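Biologist: Could you walk me through some side-chain contacts in this model? I'd like the cut-offs as we go.

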Amino acid sequence: MDEPILDCFIIGGGPAGLTAAIYLARFHLDILVVDGGKSRASSIPCTRNHAGYPDGIAGAELLQAMRDQACKYGAKIETEFVTKLERDEHTGLFTATWGSGSATAPTVLLATGVSNRRPPMDEELHDDALARGLIRYCPICDGYEVTDKKVGVIGSDSHGVAEAVFIRTYTADVTLIAPDKAMRLKSDDNAKLKEAGIECVDGPAQAVAITGDCIVVDTAEGHYTFDSVYPALGSDTHTQLGEMVGAKLAEDGCFLCDSHQRTSVRGLYAAGDVVHGLDQISHAMGEGGVAATTIRNDLCATEPRWREPVQGLVDAEDGT
Ligand SMILES: Cc1cc2nc3c(=O)[nH]c(=O)nc-3n(C[C@H](O)[C@H](O)[C@H](O)COP(=O)(O)OP(=O)(O)OC[C@H]3O[C@@H](n4cnc5c(N)ncnc54)[C@H](O)[C@@H]3O)c2cc1C
């Protein structure tokens with residue numbers, strides 16, 4: 001049996017996709033969220049910079065509240081990983097396919113996020129360290145929590161230097177560790193580290209153990225113990241589905257969007273970390289709201305979505 005054509009399907013159920021789902025459902029549109037269940041927000045033990053939660057909130061709890069809110073207004077959410085996105089050039093309809101099904105709609109929102117590259121370490125150790133704040137990925141989010149602590153940054157090149165220098169405004173004890181070999185830096189990067197008093201250590205680096213409330217990193221120059229380690233190894237942007245239908249990417253590998261979250265492909269929108277900009281919950285939510293409103297307005301511009309009169313009222317006016 002053919003699936004009904006939806007107004008929109010959203011791929012990705014993190015803060016961007018779920019905010020859009022709440023808006024679109026409340027616009028009385030027929031939508032589906034298909035989510036792989038790997039939101040970066042789900043790995044946040046407790047976010048303390050998200051406005052409105054003075055004592056912080058766990059990422060998983062925030063996501064659950066957003067899912068509940070979207071479903072309350074009629075959004076449907078499936079936990080699946082979309083493997084294919086196609087667009088029919090004649091009808092303009094998109095079809096997404098995943099293991100057990102597919103969906104068709106004239107509009108699609110890609111809110112597929114990014115993945116942080118992890119340092120080489122045992123997976124269980126990584127997840128335990130992440131949950132305890134011994135491994136951290138986002139100094140903008142939680143640099144405050146390492147104020148005056150001993151911090152290691154695993155990274156190289158100007159990106160690693162920039163992260164270490166950023167964290168130096170929270171603590172005087174920052175060490176930059178090369179991930180895989182001896183540290184080789186441009187002279188101006190060396191000058192920045194020197195000016196900030198940041199120690200440099202050669203790799204390869206491997207986080208090997210948790211001792212008490214600290215994490216131990218094995219380097220070419222011996223074991224180092226830190227209160228927290230920030231891997232600064234970059235991230236992978238989940239743009240593959242958009243690329244399948246020809247969406248253009250910006251230089252940094254994120255989707256190129258206009259100020260209303262439209263990609264270069266008609267009917268295809270993007271929001272959140274997968275779009276160039278600040279990788280934060282607040283930003284993802286903001287873009288989700290903008291994208292949803294644009295989708296609603298673009299749909300209504302091609303076909304007005306007038307609501308049918310309520311039958312009881314019509315009967316009363318007719319005197320029937
Ligand atoms: C450890 C950590 C701590 C952080 N702390 C904070 C903080 O304190 N404050 C803050 O503001 N931000 C924080 N962030 C950043 C924040 O989590 C992200 O900015 C936010 O989650 C981005 O939302 P998003 O919806 O764009 O992407 P995500 O939340 O990553 O969601 C993307 C979703 O898309 C799904 N997806 C991808 N591809 C497919 C596919 N093909 N089919 C189906 N689904 C797919 C994924 O499974 C995922 O569920 C932190 C991040 C990390 C990793």
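Modeller: The side chains of D142 and R136 meet in a salt bridge, with 3.4 Å from N to O; the term stands for a side-chain nitrogen of Lys or Arg within 4 Å of a carboxyl oxygen of Asp or Glu. This is a predicted model, in which local features need pLDDT of at least 70 and side-chain atom pairs count only at pLDDT 80 or more, while totals for chains, interfaces and linings use all residues. Residues are numbered from 1 along each chain as its sequence is written, and side-chain values use heavy atoms, with hydrogens and water left out.

Biologist: Are D142 and R136 buried or exposed?

Modeller: Both D142 and R136 are buried, where buried means under 20% relative accessible area, exposed means over 50%, and partly exposed lies in between (1.4 Å probe, protein chains only).

Biologist: Which residues are joined into one network by salt bridges?

Modeller: Salt bridges with shared partners join D258, R262 and D298 into one network, and the structure holds 11 salt bridges.

Biologist: And what does D236 form a salt bridge with?

Modeller: D236 pairs with R117, and their closest N and O atoms are 3.0 Å apart. This pair links distant parts of the chain, 119 residues apart, with D236 in strand β16 (residues 235–237) and R117 in the loop between β8 (114–116) and α3 (123–131). Helices (H or I, at least four residues) and strands (E, at least two) are DSSP runs numbered from the N terminus. D236 is partly exposed at 36% relative accessible area, and R117 is partly exposed at 38%.

Biologist: Switching to rings, how many aromatic pairs are there?

Modeller: The structure holds 3 aromatic pairs, counted when ring centres of Phe, Tyr and Trp (its six-membered ring) lie within 6.5 Å, with planes under 30 degrees apart called stacked, over 60 edge-to-face and the rest tilted. Among them, F166 and Y170 form a tilted pair, at 6.0 Å centre to centre and 50 degrees between the planes, whereas Y224 and F226 form a stacked pair, at 6.2 Å and 10 degrees.

Biologist: How buried are Y224 and F226?

Modeller: Y224 is buried with a relative accessible area of 15%, and F226 is buried at 1%.

Biologist: Where is F166?

Modeller: F166 is in helix α5 (residues 157–167) and is partly exposed, with a relative accessible area of 35%.

Biologist: Last one: what lies over the face of Y73?

Modeller: R26 does, at 4.7 Å from the ring centre; the criterion is NZ of Lys or CZ of Arg within 6 Å of the ring centre and within 35 degrees of the ring normal.
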